[in-house]
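Please open the structure in your viewer and keep the selection tool at hand, as this tour goes from one stop to the next and says at each what to select and what is there.

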Amino acid sequence: KKRIRALAEWHFGGGARYCAACEAACRDCPAVLNAPHTVEGAQVWDLALRMGGQLRAVPGAALGWDLGAGMALAQALGVNTLVAAEILPEIEAIAVRAINNQLKMEEKDG
């Protein structure tokens, strides 16, 4: 979990945008250093990246992902649902915090 948490902090915190201009991943890149080492971890990370369309929100704030839909997607993709149930909520909390921070920044600038 520690590796995927660090990857999620980097990714949802803007790291992916920062590295978009890179021609290749550098060895010190958090995406490389924190990449999942297991098939299950890689599958749950892929699942998390697919969850963007499953966001529960109210005007001005993200509340969370629709984890019921996430678990159905996990099952359909053949992802171990026990592993998904253990890790997906951790990634969700990081993603939602990052989304809400971005919304606050946009509100200040807006």
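A salt bridge, in this tour, is a side-chain nitrogen of Lys or Arg within 4 Å of a carboxyl oxygen of Asp or Glu. The model is a predicted one, in which local features need pLDDT of at least 70 and side-chain atom pairs count only at pLDDT 80 or more, while totals for chains, interfaces and linings use all residues. Residues are numbered from 1 along each chain as its sequence is written, and side-chain values use heavy atoms, with hydrogens and water left out.

**First stop: three helices**

Begin by selecting helix α1 (residues 2–18) together with helix α5 (residues 81–109), whose axes come within 9 Å and cross at roughly 25°; helices here (H or I, at least four residues) and strands (E, at least two) are DSSP runs, numbered from the N terminus. The axes are lines fitted to C-alpha atoms, for helices over the stretch in contact, and the angles run from 0 to 180 degrees between N-to-C directions. With that crossing of roughly 25°, α1 is roughly parallel to α5, given that angles under 35 degrees count as roughly parallel, over 145 as roughly antiparallel, 65 to 115 as roughly perpendicular and the rest as oblique. The crossing of α1 and α5 is right-handed, a word used if the near helix is turned clockwise from the far one by less than a right angle, whereas an anticlockwise turn makes a crossing left-handed.

Next, add helix α3 (39–49), which is followed by a loop that leads to β1. Between α1 and α3 the axes are 12 Å apart and the packing angle is about 30°, and these two helices are therefore roughly parallel to each other; their crossing is right-handed. How do the axes of α3 and α5 cross? They come within 10 Å of each other and cross at roughly 50°, which makes α3 oblique to α5, and this crossing is right-handed.

**Second stop: salt bridges**

Side chains of opposite charge can pair when their charged atoms come close. The structure holds six salt bridges, and the tour visits some of them.

Select Lys 1 and Glu 90, which form a salt bridge with their closest N and O atoms 3.2 Å apart. Lys 1 lies in the segment before α1 and Glu 90 in helix α5, so this pair ties together parts that are 89 residues apart in sequence. Lys 1, at 41% relative accessibility, counts as partly exposed, and so does Glu 90, with a relative accessible area of 26%; buried means under 20% relative accessible area, exposed over 50%, and partly exposed in between (1.4 Å probe, protein chains only).

Now move to Glu 9 and Arg 97, whose side chains meet in a salt bridge at 2.8 Å, N to O. This pair links distant parts of the chain, with Glu 9 in helix α1 and Arg 97 in helix α5, 88 residues apart. Glu 9 is partly exposed at 43% relative accessible area, and Arg 97 is partly exposed at 42%.

Then select Glu 92 and Arg 56, where the side chains meet in a salt bridge at 3.9 Å, N to O. As Glu 92 lies in helix α5 and Arg 56 in strand β1, the pair ties together parts that are 36 residues apart in sequence. Is Glu 92 buried or exposed? At 12% relative accessibility, Glu 92 counts as buried, whereas Arg 56 is partly exposed, with a relative accessible area of 40%. To complete this stop, select Lys 1, Arg 5, Glu 86 and Glu 90, which are joined into one network by salt bridges that share partners.

**Third stop: a surface patch and a loop**

Select Leu 55, Ile 99 and Leu 103, which make a nonpolar surface patch of about 190 Å². Patches are made of residues with over 30% relative accessible area and no salt bridge, where like charges are joined within 9 Å and nonpolar side chains (Val, Leu, Ile, Met, Phe, Trp, Tyr) within 5 Å; the accessible areas come from the Shrake-Rupley method with a 1.4 Å probe, and for residues only the protein chains shown count as cover. Leu 55 has its place in strand β1 (residues 55–58) and is partly exposed, with a relative accessible area of 33%.

Finally, select Gly 52, in the loop between α3 and β1, which is exposed with a relative accessible area of 57%. Adding Ala 8 gives a pair 44 residues apart along the chain, with C-alpha atoms separated by 13 Å.
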